[in-house]
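Here are my notes on the model you asked me to look over, set out as numbered points. Please read them with the structure open beside you.

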Amino acid sequence: MALDVILKSTLSTISAIILVLTLMLAIPAHASVLDVWEQLKAPGNINIPEFNFSIATLLFYGLLSILVFRLSSFGILSFIDAFVKRTGKIDGFLKMSIIIPAYNEGVTIASCIKSMLNLNYPDYEVIVIDDGSSDNTFNEASKYSENGVKVIRQKNTGKPGAINTGIKNASGEVIITVDADSKLHPDALTWIDRRFSSNPRLGAVAGNVKIDRPTGLLKTLQSLEYTTSINLGRRSQSLLHCVMIVPGAIAALKTKVIHEVGGFPSDTFAEDFDITMKVLKAGYHLEYEARAIAFTQAPDTIEDFMKQRRRWYRGMMQVLSKYQGMYFNPKYGTAGIFGMPYMWLGVSSYLINMFLLFILLTDTFSYIVNYSSHDLVLLASGMLIYWALTIVISVYAVLIDPMPKIREILASPLYLFYNIFIDSVGLMAFVEEIMSLAMRWEKPKREELE
């Protein structure tokens with residue numbers, strides 16, 4: 001498979017870099033860079049201070065510059081997007097079909113359906129697909145049949161198969177996918193309709209996913225991650241009409257576009273990313289609407305969190321490999337030139353972060369053992385600057401969000417350390433994907449929605 005070739009070659013390169021770094025940092029040899037400063041200094045001229053950097057330090061700052069550029073681009077593009085008014089006047093309400101795929105969701109399905117029935121929108125239908133549940137999901141959902149909810153039961157085919165069944169039974173011009181553990185803001189469909197009304201080339205709209213009841217430190221940090229890394233990134237991409245992932249908790253796609261691209265694929269762990277790539281490849285625009293809000297449950301234990309993120313990361317690698325022909329391909333517009341490289345950078349950022357941490361820890365160890373490491377101050381200063389930048393961007397992302405939360409601002413100093421943790425999970429998923437280890441689709445434990 002092409003994925004195996006890419007990942008194995010990447011792993012080999014990474015291993016070689018780690019080996020070289022280890023040798024460089026183990027040997028106390030710090031040479032000036034190409035003697036540039038020596039060449040600039042001449043007798044009688046103004047004294048120029050000597051700066052002798054190890055290659056490891058230069059690599060550290062090179063990688064750090066990539067992360068700073070990525071983080072800064074989030075802020076700059078999202079700031080510009082805030083002044084671009086794309087939501088137009090609604091001439092006529094599009095009929096929308098809300099599809100809720102459900103597998104063993106007896107605890108949450110009733111609350112989810114109630115949320116759908118209380119939307120401030122005049123023309124929509126609700127379709128629940130019980131995908132072979134072994135609990136009381138079907139019975140709970142069937143209680144709302146008298147309210148017009150269509151409930152369809154089928155053998156287990158997986159989430160993409162359940163959504164495709166819902167599409168076959170839908171009559172709306174726009175398909176809205178909603179996870180069974182999620183709720184929608186009453187005005188969500190109205191804002192989505194405004195997006196479609198303002199851009200005839202729009203194939204899909206990504207909504208704003210928020211953590212439902214983000215109590216506890218782990219959920220609060222996940223909530224901050226959704227606001228900063230995920231939603232701020234989508235704001236940036238939306239400016240260029242190439243949002244790269246329409247989230248399963250609230251994804252809006254034109255029905256005719258879904259039929260054109262052949263429905264939701266089932267050969268990766270990330271069906272939402274996969275369908276997004278199919279729509280972009282077909283030449284349609286994708287945008288983000290911050291006011292179309294969905295509230296979803298998040299893992300509240302480390303075990304559930306790791307299961308979820310491993311699936312996310314492996315699914316993203318699978319999709320990126322599947323659509324590698326779009327990478328830097330001008331045929332696909334901003335999606336190929338900007339979107340794909342951005343996603344590759346996002347997937348590889350945890351590798352970069354691990355390199356930075358490795359270099360910093362190795363230099364710290366050298367200082368402890370030898371009581372000498374003239375680059376440690378430079379490395380620590382660089383990390384402090386990056387830490388400060390993550391706090392600034394995080395606070396900015398929270399403040400421009402339609403529903404800012406003070407607890408997210410208070411948690412922003414911890415965000416860099418949280419990223420180190422999820423980077424380690426990403427690295428684990430990377431190795432698992434290279435080794436083609438089998439992985440089941442596992443869900444976090446559910447709580448009843450309020």
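**Notes on the predicted model**

1. I begin with helix H4, whose buried residues are Ile109, Ala110, Ser111, Cys112, Ile113, Ser115 and Met116. The model is a predicted one, and in it this helix, spanning residues 109–117, is mostly covered, with seven of its nine residues buried. The cover over those buried residues includes strand E1 (96–102), strand E2, helix H5 (137–142) and strand E5.

2. How far can the coordinates be trusted along the chain? The average pLDDT of the chain is 84, and 83% of the residues score at least 70. Over residues 14–41, however, the pLDDT is below 50, although this stretch has 33 contacts in the model beyond near neighbours in sequence. Where pLDDT is low, the predicted coordinates should not be read in detail.

3. In which order do the strands of the sheet lie? Eight strands make up an open sheet of mixed pairing, and their order is E3-E2-E1-E4-E7-E6-E8-E5. Strand E3 (150–154) and strand E5 (182–184) are the edge strands, and because each has a single partner strand, one side of each is left without a neighbour in the sheet. On average, and with direction ignored, neighbouring strands of this sheet are turned by 30° against each other.

4. At the E3 edge, strand E2 (residues 124–131) and E3 run parallel and are joined by five bridges. Within this pairing, Val128 of the one strand stands opposite Val151 in E3.

5. Strand E7 pairs on both of its sides in the antiparallel sense: with strand E4 (residues 174–177) over four bridges, and with E6 over three bridges. Val174 stands opposite Lys254 in E7, while Ala204 stands opposite Leu253 in that strand. In a regular strand the side chains alternate between the two faces of the sheet. Here Ala251 and Leu253 point one way from E7, whereas Ala252 and Lys254 point the other way, and all are buried; a biochemist may wish to note that the lysine is included in that list.

6. Helix H10 (residues 271–281) packs on the sheet, where it touches strand E6 (202–211), strand E7 (251–254) and strand E8 (285–296). The direction of H10 makes about 155° with that of E8.

7. Which residues have the most contacts inside the largest nonpolar core? That core has 77 residues, and those with the most contacts inside it are Leu253, Phe273, Met277, Leu280, Met326 and Met343. Helix H12 (residues 333–370) gives the most to this core, contributing 13 residues. Apart from its neighbours within four places in sequence, Met343 is in contact with Gln237, Met244, Ile245, Phe273, Met316 and Leu320. There is also a second, separate core of 37 residues, which includes Ala141, Ala188, Tyr226 and Ala294.

8. Ser349 deserves a separate point. Its place is in helix H12, and it counts as buried because its relative accessibility is 8%, the cut-off for that class being under 20%. If its neighbours within four places in sequence are left aside, Ser349 is in contact with Leu67 and Arg70.

9. Two residues call for a look at the backbone. Most residues other than glycine have a negative phi, and most peptide bonds are trans. His241, in the loop between helix H8 (217–239) and E7, has a positive phi near 60°, and at 24% relative accessibility it counts as partly exposed. Phe328, in the loop between helix H11 (302–322) and H12, likewise has a positive phi, near 55°. With a relative accessible area of 48%, Phe328 is partly exposed.

10. How many disulfides does the structure hold? The number is zero. As for individual cysteines, Cys112 counts as buried at 0% relative accessibility, and Cys242 is buried with a relative accessible area of 0%. Cys112 is one of the buried residues of H4, the helix with which these notes began.

Technical notes
Residues are numbered from 1 along each chain as its sequence is written. This is a predicted model: local features need pLDDT of at least 70, side-chain atom pairs count only at pLDDT 80 or more; totals for chains, interfaces and linings use all residues. Side-chain values use heavy atoms; hydrogens and water are left out. Two strands pair if DSSP finds at least two bridges between them. Helices (H or I, at least four residues) and strands (E, at least two) are DSSP runs, numbered from the N terminus. Axes are lines fitted to C-alpha atoms, for helices over the stretch in contact, and angles run from 0 to 180 degrees between N-to-C directions. Contact means heavy atoms within 4.5 Å. A nonpolar core is a set of buried Ala, Val, Leu, Ile, Met, Phe, Trp, Tyr and Cys residues joined through side-chain atoms within 4.5 Å. Buried means under 20% relative accessible area, exposed over 50%, partly exposed in between (1.4 Å probe, protein chains only). pLDDT is the predictor's confidence in each residue, from 0 to 100. A disulfide is a pair of cysteine sulfur atoms within 2.5 Å.
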